[in-house]
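Colleague: Could you take me through one part of this model at close range? I would like to see how it sits against its surroundings.

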Amino acid sequence: MPRKPKRPCSQPGCPELTHERFCDEHRKAEARRYERYQRDPNTAKRYGRAWKRIRDRYVAKNPLCEECKRNGKLTPVQEVHHILPLSRGGTHDESNLMSVCTPCHSSITARDGDRWRRSRG
């Protein structure tokens with residue numbers, strides 16, 4: 001199936017064409033800008049260097065999406081999901097982690113309402 005045509009990079013003035021939002025040159029700069037100015041500081045503290053090491057270790061042990069594996073598909077892991085979110089008292093323990101692909105992670109998150117939950121009060 002053919003891919004969508006490339007579009008210009010979202011960085012103002014950049015003429016590069018890309019399939020992503022930003023070209024390779026501006027993707028890292030945008031990630032740094034997001035981490036510095038837009039990401040919640042509490043989230044940044046929870047997902048530091050230690051989390052990256054824990055995540056890498058877990059992915060090495062569980063290289064396939066656990067949700068897809070239950071459904072008989074073999075999909076490489078793309079993300080590590082916290083079964084009980086850190087914001088609700090979860091930990092980085094292996095018993096609270098789950099290897100998932102991006103579509104499975106999105107469906108789990110939507111089902112649990114973690115990302116789109118609005119605090120009322």
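Modeller: Happy to; here is a close look at helix 5 and its surroundings. This is a predicted model, where local features need pLDDT of at least 70 and side-chain atom pairs count only at pLDDT 80 or more, while totals for chains, interfaces and linings use all residues. Residues are numbered from 1 along each chain as its sequence is written, and side-chain values use heavy atoms, with hydrogens and water left out.

Helix 5 spans 102-112; helices (H or I, at least four residues) and strands (E, at least two) are DSSP runs, numbered from the N terminus. Its buried residues are Cys104, His105, Ile108 and Thr109 (buried means under 20% relative accessible area, exposed over 50%, partly exposed in between, with a 1.4 Å probe and protein chains only). Seen down the axis of helix 5, these residues fall within an arc of 130°, so they line one face; the arc is that of the directions from the helix axis to the C-beta atoms. That buried set packs against helix 4 (66-70), strand 3 and strand 4, contact meaning heavy atoms within 4.5 Å. Turned away from the buried side are the exposed Pro103 and Arg111.

Cys104 and Ile108 also belong to the largest nonpolar core, alongside Cys65, Cys68, Met98, Val100 and Cys101. Such a core is a set of buried Ala, Val, Leu, Ile, Met, Phe, Trp, Tyr and Cys residues joined through side-chain atoms within 4.5 Å. Strand 4 (97-100) and helix 5 each give two or more residues to this core. Leaving aside residues up to four places away in sequence, Cys68 touches Lys73, Thr75, Cys101 and Cys104. Just after helix 5, Gly113 takes a positive phi of about 75°.
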